[in-house]
Amino acid sequence: MGLKNQTTMWQHHHRALAVVIVLLGFLVCSVTCSVSYDHKAITINGQRRILISGSIHYPRSSPEMWPDLIQKAKEGGLDVIETYVFWNGHEPQQGKFWFGGNYDLVKFIKLVKGAGLYVHLRIGPYVCAEWNFGGFPVWLKYIPGIQFRTDNGPFKFHMQQFVTKIVHMMKTEGLYESQGGPIILSQIENEYGPMEYELGAPGRAYTQWAAKMALGLKTGVPWVMCKQDDAPDPIINTCNGFYCDYFTPNKPTKPKMWTEAWTGWFTEFGGTVPHRPAQDMAFGIARFIQKGGSFFNYYMTVTSVTENMSVYGYVTGLLRQPKWGHLKDLHRAIKLCEPALVSSEPTVMPLGNYEEAHVFKSKSGACAAFLANYHQSSYAKVTFGNEHYNLPPWSISILPDCKNTVYNTARVGAQSSQMKMSPIPMHGGFGWKAYNEETSSDDDSTFTMTGLLEQLNTTRDASDYLWYMTDVVIDSNEGFLRSGHYPVLTVMSAGHALHVFVNGMLSGTAFGSLENPKLTFNQGVKLRAGVNKVSLLSVAVGLPNVGPHFETWNAGVLGPVTLHGLNEGRRDLSWQKWTYKIGLKGESISLNSLTGSSSVEWVEGSLVARKQPLTWYKTTFNAPAGNSPLALDMGSMGKGQIWVNGQHVGRHWPAYKAAGSCGECSYAGTYNEKKCASNCGEPSQRWYHVPRSWLSPTGNLLVVFEELGGDPNAISLVRREVDSVCAYIYEWQPTLMNYHMQASGKVNKPLRPKAHLSCGDGQKISSIKFASFGNPVGSCGNYKQGNCHAQHSYDAFERLCVGQTWCSVTVAPEMFGGDPCPNVMKWLAVEAVCS
């Protein structure tokens with residue numbers, strides 16, 4: 001999978017996120033090494049490894065951000081960074097290649113190596129990835145006789161050329177692990193199994209060809225094919241999904257690998273914002289490992305501003321807590337079990353109706369156990385190895401010595417964070433200037449045809465926009481001119497959005513959705529006697545990225561286009577002469593750039609109209625001090641696009657409100673993309689990240705193109721900061737520190753857990769918003785006292801935390817003035833404000 005730096009209506013997605021501190025760190029080999037596999041795991045220099053991976057797609061952030069993102073992944077415990085290779089970014093025009101800027105693949109891989117991590121290079125070259133055209137360059141669609149992703153000569157020729165180029169580039173730079181580099185795995189194709197099933201024999205032939213072609217490139221490292229049950233030997237077939245514990249490779253000689261562990265789901269325009277609870281993500285991973293899994297990859301670890309699937313927000317490097325911290329603890333627990341996991345098969349022991357244990361015992365004496373409770377609402381008390389263990393609903397406890405619990409997937413020890421978008425004060429605000437786009441044109445860039453043209457074949461994705469313009473002659477005897485009942489214009493379009501202008505005035509808008517991009521405009525339009533100019537602005541919101549032969553799918557006004565309510569009844573406009581213009585005038589003269597923006601006269605001050613459709617706005621601003629992540633608040637605008645210093649920030653569409661089901665979110669139970677949604681009735685996306693590396697100290701150009709009409713005066717530059725931090729800790733909750741203290745013999749009894757709170761850089765804890773030891777309820781930002789509450793719950797936090805950048809408080813009754821309700825389980829909820 002993958003995606004654009006802006007939401008596309010075609011986003012189909014897969015997933016998401018996070019990381020681990022490795023207790024016994026490793027270095028990428030500085031000399032020639034070997035990578036192979038057996039039925040248990042990937043082996044590096046003969047050593048089986050439990051490998052923890054996370055997806056960071058290099059084009060989705062700026063090169064200046066890469067080192068920090070990679071380092072945070074390492075700190076979270078990743079062994080491997082996984083990335084696709086994006087063909088349409090590297091060869092935007094046939095034969096003209098680009099490997100600079102945020103497409104500098106070699107630089108990115110060398111940075112990963114420098115951090116001491118491995119790389120899984122998913123060459124594809126089909127990537128899906130929530131990325132325009134699935135990663136294919138648009139020119140590929142126009143190769144004579146081509147059919148994508150099947151047994152087709154032209155397609156296979158160009159695919160092999162690109163894959164070979166990438167492999168040779170990696171070899172030349174010495175980046176395969178067999179050369180001492182960090183690349184330990186490569187992937188050919190992507191999620192092709194479902195496509196092969198639909199295509200039949202040509203699909204099966206293509207699979208065999210792709211595998212043979214990849215193996216012939218002799219990279220010295222294993223190849224994988226994901227969601228490909230018939231992957232030819234020796235290629236490893238792997239699993240993608242929210243859960244992969246059920247998965248078994250197609251040969252008993254291959255390891256059980258999970259190339260996309262979906263940590264959430266993508267956000268589509270008009271859709272809710274999805275969220276996968278950290279507890280369920282951890283549960284899915286632990287369940288995979290206890291069933292013999294040895295490699296898993298979070299899809300995604302870092303995403304662009306449009307995905308809610310990562311451990312970091314906004315591609316800024318801010319940690320998404322508690323997911324990052326909870327999974328970091330999981331990874332440390334898994335690494336403690338590694339000696340037993342890689343050297344033995346699990347023995348499954350039933351512990352109850354919904355409970356079971358998976359036990360790994362090696363010949364050398366290593367032992368690890370996973371105790372699972374699959375019930376979605378009931379706690380379980382189980383006996384294992386003559387010891388008693390309490391298991392929360394829908395959870396797995398990890399025992400790295402088959403005795404002491406070091407981690408439970410439902411017990412989050414990491415803090416949660418509430419984020420805020422703080423407007424940056426600007427003297428007088430943005431000083432906007434405006435330029436109105438033309439709704440009709442007869443310049444040299446237009447052309448006239450009889451009938452309606454398909455949009456993508458006309459624009460070839462050079463622009464989102466295509467004008468369809470025609471004249472409608474109305475006789476002065478038309479009855480509607482006297483009755484006032486205007487005729488109804490009906491326009492059938494393949495998508496994705498349509499703005500209808502009559503005589504230069506906006507008559508209305510229609511748009512589709514991700515699931516159904518087709519649309520119909522059906523409204524009365526104000527026509528006058530004589531010649532009327534009807535201008536249809538068809539807008540594509542990205543190209544399709546998934547589906548059988550998606551290269552053949554259409555967009556734009558395909559008709560019919562009709563008028564109803566005339567004296568003649570119905571008039572079909574579809575086959576009259578239409579004048580076409582690709583793109584906007586503002587695009588053709590580069591109004592979004594520093595040079596182009598000075599080529600026209602802009603109005604300013606009181607002449608800048610609000611709620612004006614088809615308007616370009618520009619302003620300049622200075623870069624704010626500090627290093628907090630920055631974003632633009634576009635909530636006051638309708639639909640359009642944004643640029644900063646000529647760099648495309650993305651498509652905005654706050655007018656498209658999220659529709660769906662939002663409500664309470666329980667971590668327990670099987671997750672799907674409709675569960676745990678938020679933002680109903682709000683814009684699907686309001687804030688747009690502006691990388692600081694794009695900014696100069698002064699005079700930065702911000703350009704906004706608005707299609708529908710919005711209020712630019714309400715646009716603001718905001719700083720993303722930590723608002724408050726929370727902890728929710730059960731007494732006697734297992735922790736890694738307590739386990740190490742007991743394992744080392746320093747203590748001989750269980751220790752109380754601690755609540756850890758830490759604000760962001762440059763912040764301190766200014767006050768305690770809430771604290772209760774007992775049975776508080778709610779979630780971070782919305783805690784409430786239960787019927788059991790220690791009266792001095794605030795005291796320890798007021799004393800130890802206020803005025804500090806971080807603090808820790810032991811979760812024990814004596815810290816809060818005594819036990820408020822003896823003989824029952826208690827927990828602590830606390831929220832501290834950061835300033």
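Strands are DSSP runs of E of at least two residues, numbered from the N terminus. In this predicted model, one such run is β7, which spans residues 183–188 and contains serine 186. Serine 186 counts as buried because its relative accessibility is 0%. Beyond its neighbours within four places in sequence, serine 186 is in contact with His120, Leu121, Tyr176, Val221, Pro222, Trp223 and Val224.

Further along the chain, six strands form an open sheet in the order β33-β22-β34-β39-β36-β37, with antiparallel pairing. Its edges are β33 (603–604) and β37 (647–652), each of which pairs on one side only. Within this sheet, β22 (residues 433–436) and β34 (residues 615–621) run antiparallel and are joined by four bridges. Asparagine 436 stands opposite threonine 615 in β34.

Helix α12 covers residues 736–743, and its buried residues are Leu736, Asn738 and Tyr739. These residues lie on the same side of α12, because they cover an arc of only 160° around the axis. Among the elements that cover them is α8 (323–341). After α12 comes glycine 745, whose phi is positive, near 85°.

The cysteines add covalent links. The whole structure contains eight disulfides, including the three described here. Cysteine 367 and cysteine 402 form one of them, with sulfur atoms 1.9 Å apart. Cysteine 367 lies in β16 (residues 367–373) and cysteine 402 in the loop between β19 (395–399) and β20 (407–408), so the pair ties together parts that are 35 residues apart in sequence. The torsion about their S-S bond is about -85°, so this disulfide is left-handed. Cysteine 367 is buried, with a relative accessible area of 14%, and cysteine 402 also counts as buried, at 14%.

A second disulfide joins cysteine 665 and cysteine 676, whose sulfur atoms are 1.9 Å apart. Its torsion of about 80° makes it right-handed. Both cysteines lie in the loop between β37 and β38 (687–690), 11 residues apart. Cysteine 665 is partly exposed, at 35% relative accessible area, whereas cysteine 676 is buried, at 9%.

In a third disulfide, the sulfur atoms of cysteine 788 and cysteine 821 are 1.7 Å apart. The torsion of about -75° makes this disulfide left-handed. Cysteine 788 and cysteine 821 are both buried.

Other cysteines remain unpaired. Cysteine 226 is in no disulfide, and the nearest cysteine sulfur, that of cysteine 239, is 9.5 Å away. The sulfur of cysteine 337 is 8.3 Å from the closest cysteine sulfur, in cysteine 402, which is too far for a bond. Cysteine 226 counts as buried at 1% relative accessibility, and cysteine 337 is buried with a relative accessible area of 1%.

Technical notes: Residues numbered from 1 in each chain as written. Predicted model: local features only at pLDDT ≥ 70, side-chain atom pairs only at ≥ 80, totals over all residues. Heavy atoms only, no water. Buried < 20%, exposed > 50% of the residue type's maximum accessible area, 1.4 Å probe, protein only. Arc of directions from axis to C-beta. Contact = heavy atoms within 4.5 Å. Pairing = 2+ DSSP bridges. Disulfide = S-S within 2.5 Å.
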